[in-house]
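Let's take a walk through this structure together, one contact at a time. Keep the 3D view open as you read.

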Amino acid sequence: MIDHEWIAWFSSPNTLRALTLLLVGWPLLSLLARVLERVVKRRFSEIAARLSRRIFFYAGFLMMVVSILNQLGYTLGALLGAAGIVGMAVGFASQTSLSNIISGVFLVTEKAFTVGHVLDVEGTLGVVISIDLLSVKLRTFDNRLVRIPNEHMIKAKVTNITRYPIRRVDVEIGAAYHEDPRKVMAVLEQVADKNLLVLDEPRPLIIFKNFGASSLDFLLGVWIVSTDYLAVKNSMMLEVKEAFDREGIEIPFPHLSLYAGSQSAPFAVQSIKKAKAPKNTNEAPKENEAHLESFSPEIPEPPSSLAPTAPRVMGQSEDS
Amino acid sequence: MGPLQVWLQRLEGEWRYATQEDEEDDHNPSQRKEVLSACSQSPLESLTVSRWIPPDLAKKGALAQEEVILKPAMPDRPIVVRTENHIRFAPGASGLFFVSMPLRLRVLLSKRSKDDFEMLSVSTQRLSNTWFGNSDEGELCYALKSRAKYKIDELKTSSYRAVCAVHIKNLSTEKSLEFDRICIDTRYMGLVEGKNKIWTSTISYRWHGTREPEEVHYRMKAQDYDEILGELADPLESPHGGVIKKSLSSLRSLVGLGR
C-alpha cells in the first residue's frame with residue numbers, strides 16, 4: 001500500500017522546490033564552473049583556472065545544500081551556529097594551511113613563474129613540476145623532489161632563471177700582472193666570437209674588473225639561449241684556458257710576498273720538519289741539519305738600518 | 001659541398017650517413033661542389049654515424065627503385081645580417097642590398113612514382129646564433145659574418161650560397177629610418193636557379209614611421225638580376241599579403257638607449 005503521507009510530502013511545493021534546486025542547480029553549477037575555468041585559463045594560467053573552478057564549485061555546492069535544507073524545512077540556525085564554532089576551531093588549527101592556500105592564489109595570479117621554469121629558492125635549484133593548492137614542487141637536477149609551502153614561496157627570495165629566453169653567463173678570469181690587459185681582452189673577445197652557441201647579439205661583455213691581490217681580474221659575460229647554459233659554461237671555461245695557453249697568457253695562482261718594509265727583499269719561506277731526538281745526546285742531529293739545509297734557501301742579510309730589529313727566521317739558531 | 005662533407009652508405013635494411021663541416025671563411029667561401037659516387041674515403045672515426053630505415057624496405061626490388069636526390073633549402077631559422085655601416089634613410093629614400101647566405105642541403109630518397117622521403121637536412125655551413133629583439137622577447141636567429149652589400153659584384157658567392165635582394169624604402173614623410181641589421185625571415189622565401197647564382201625571393205621592406213608597423217613583402221623577382229633557369233624550392237609558408245613584422249633594428253634600440 002502506498003503511504004499517502006510520503007506522496008503528500010513529495011508533492012508539496014517545498015519538496016518540489018528542493019528537488020528542482022538539486023536537479024537544475026547541480027548541472028548548472030558544473031557548467032558555470034567549467035566556463036569560469038576556460039575564461040581564467042585564457043587570461044591567467046591552467047593552475048589558476050583549476051583553482052578557480054574548485055573554489056567556485058565547492059562554494060556553490062555548499063550554498064545549494066543550505067538552500068535545499070532550508071526548503072525542506074530544516075532550521076539551520078543551530079547548524080550554522082555549530083558550524084561557526086567548528087569553523088573557528090578549524091580556522092585556528094588550519095591557519096597555516098589557509099595561509100598556504102591564499103599564498104598559492106597570489107603566486108598564481110602574480111605569474112612570477114610557471115610550470116617548467118627553473119627556480120632558485122634560497123639555494124634550492126630545480127624545475128617547477130607543479131604549483132598546487134598548498135605547495136610548489138620542484139625537481140632538482142639530481143632528481144630529488146622538493147616541496148616548498150606556498151607561504152614560504154611568498155616570503156622567500158625566488159630567482160626565476162628561465163623567465164626570459166636569453167641570459168648571460170659570466171666567467172671570471174685572472175691574468176698575471178705582467179700580461180698586457182688589452183691583449184687579454186682581445187683574446188677573450190675572440191674566444192666569445194668563435195663559440196657558435198654564444199649569441200652575436202647582445203654583444204659579449206668584457207670588463208677589466210679589478211687589480212686583484214694576485215692577478216688582473218677580468219669578467220667575460222656572454223649571452224646565450226637559456227637552455228644552452230651548461231654547454232656554454234663548460235665550453236667557455238675550456239676555450240678560455242686553451243686560448244690563454246696558446247697565447248702564452250699566464251693564469252696565476254694566489255701568492256703572497258712577505259716584506260719587512262719597502263727597503264728589503266722578500267723573505268724566503270723555510271719549510272721545517274720536527275727534528276727526531278738523536279739516540280746519543282752528545283751527537284748533533286746530523287740528519288735534521290741536512291734536512292734543514294736542503295730546504296733552507298739563502299737568507300739575505302737585512303739592511304743595516306733594520307739589523308737590530310730583523311726578525312728571526314724559524315730554524316735559525318741565535319748564533320747564526 | 002662548400003665546407004660540408006656528407007657520407008652516405010647503403011646497407012642491407014638501412015642507410016647510414018655522417019656529416020662533417022670544416023671551418024669556413026665568409027670572405028673567401030669555398031667553391032667545392034662534388035659528388036663522389038664510390039668513395040673510398042670512410043668517415044672519420046670521430047664522426048657520429050647515423051642510421052636511417054626507409055619505408056617499404058622489405059618490398060622486393062625496393063633497392064632498385066631508390067634514388068638519392070640532393071636539394072637545396074633555405075636555412076631553418078631567420079638570418080640576421082649587418083650592413084657595412086650604420087644606415088640612415090631620409091624620408092622618401094630607398095635602397096637595395098644584396099645578402100649572400102649559406103643554404104641547407106636536403107638528402108632525399110626518391111622511390112619511383114611515390115613520395116620522396118627526407119633522410120637528412122643539414123646546413124652547409126654552421127652559423128653562429130644571435131638574438132633579434134630585446135632581452136625580454138625576441139627571436140633566435142642565425143648570424144652571418146658577411147655583410148649586406150650595395151652591389152651584387154661585391155658579394156662573394158659560391159655553389160652552396162644563395163643571394164637575397166632586399167629592397168628597403170622609407171615611406172615616412174617626417175622621420176628618418178636608421179638601422180644596422182636586417183632580419184630575413186626564411187620561412188616565406190623560395191629558391192630559384194639563375195644562370196650565375198642561386199637566388200631567393202626578393203624582400204621588400206616599407207617603413208611608414210614609428211607609429212605604424214612596417215610592411216614586408218616576399219616576391220620572386222630574381223629575374224630582374226639574372227637569367228632564371230628553374231625553381232629549386234618553394235617557400236615553407238606562403239606570406240599573406242604583406243607580413244607585418246619588425247625586421248629592422250639598430251643597436252641603440254636593442255640596448256634600450258634609443259627609448
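A:Glu201 is buried, because its relative accessible area is 3%, and the cut-off for buried is under 20%. Keep in mind that this is a predicted model. What does A:Glu201 form with B:Arg82? The two form a salt bridge, and their closest N and O atoms are 2.0 Å apart. A:Glu201 sits in the loop between helix H7 (181-194) and strand S7 (205-211) of chain A, while B:Arg82 belongs to strand S5 (residues 79-89) of chain B, so this pair joins two chains. As a general idea, side chains of opposite charge can pair when their charged atoms come close.

Now look at the place where the chains meet. Here 14 residues of chain A are in contact with 16 residues of chain B. About 1300 Å² is buried between chain A and chain B, with 58% of it on carbon and sulfur atoms. Which three residues supply 49% of the area that chain A buries against chain B? They are A:Leu196, A:Asp200 and A:Glu201, and no other three residues supply more. A:Asp200 also meets B:Lys145 in a salt bridge, at 3.3 Å from N to O. Between chain A and chain B the count is two salt bridges, and there are seven residue pairs in polar contact. The side of chain A that touches chain B has nine nonpolar, one polar and four charged residues.

Salt bridges turn up within chain B as well. B:Asp185 and B:Arg187 meet in one at 2.6 Å, N to O; B:Asp185 is buried at 2% relative accessibility, whereas B:Arg187 is partly exposed at 31%. Another joins the side chains of B:Glu227 and B:Lys195 at 3.9 Å, N to O. This pair links distant parts of the chain, 32 residues apart. Over all chains, the count comes to 20 salt bridges.

Finally, turn to the aromatic rings. There are 12 aromatic pairs over all chains. One of them is A:Phe57 with A:Tyr58: the ring centres are 6.0 Å apart and the planes stand at 70°, so the pair is edge-to-face. Both residues belong to an aromatic cluster with A:Trp26 and A:Phe61. In chain B, B:Phe98 and B:Tyr225 also form an edge-to-face pair, with 5.5 Å centre to centre and 90° between the planes. Is B:Phe98 buried or exposed? B:Phe98 is buried, with a relative accessible area of 5%, while B:Tyr225 is partly exposed at 32%.

How values were computed. Residues numbered from 1 in each chain as written. Chains lettered and ligands numbered in written order. Predicted model: local features only at pLDDT ≥ 70, side-chain atom pairs only at ≥ 80, totals over all residues. Heavy atoms only, no water. Phe/Tyr/Trp six-rings, centres within 6.5 Å; stacked < 30°, edge-to-face > 60°. Buried < 20%, exposed > 50% of the residue type's maximum accessible area, 1.4 Å probe, protein only. Contact = heavy atoms within 4.5 Å. Buried area = accessible area lost by both parts, 1.4 Å probe. Salt bridge = Lys/Arg side-chain N within 4 Å of Asp/Glu carboxyl O. Polar contact = N/O pair within 3.5 Å; in protein donor to acceptor, adjacent residues only side chain to side chain. Nonpolar A, V, L, I, M, F, W, Y, C, P; charged D, E, K, R; others polar. Helix = DSSP H or I, 4+ residues; strand = E, 2+ residues; numbered from the N terminus.
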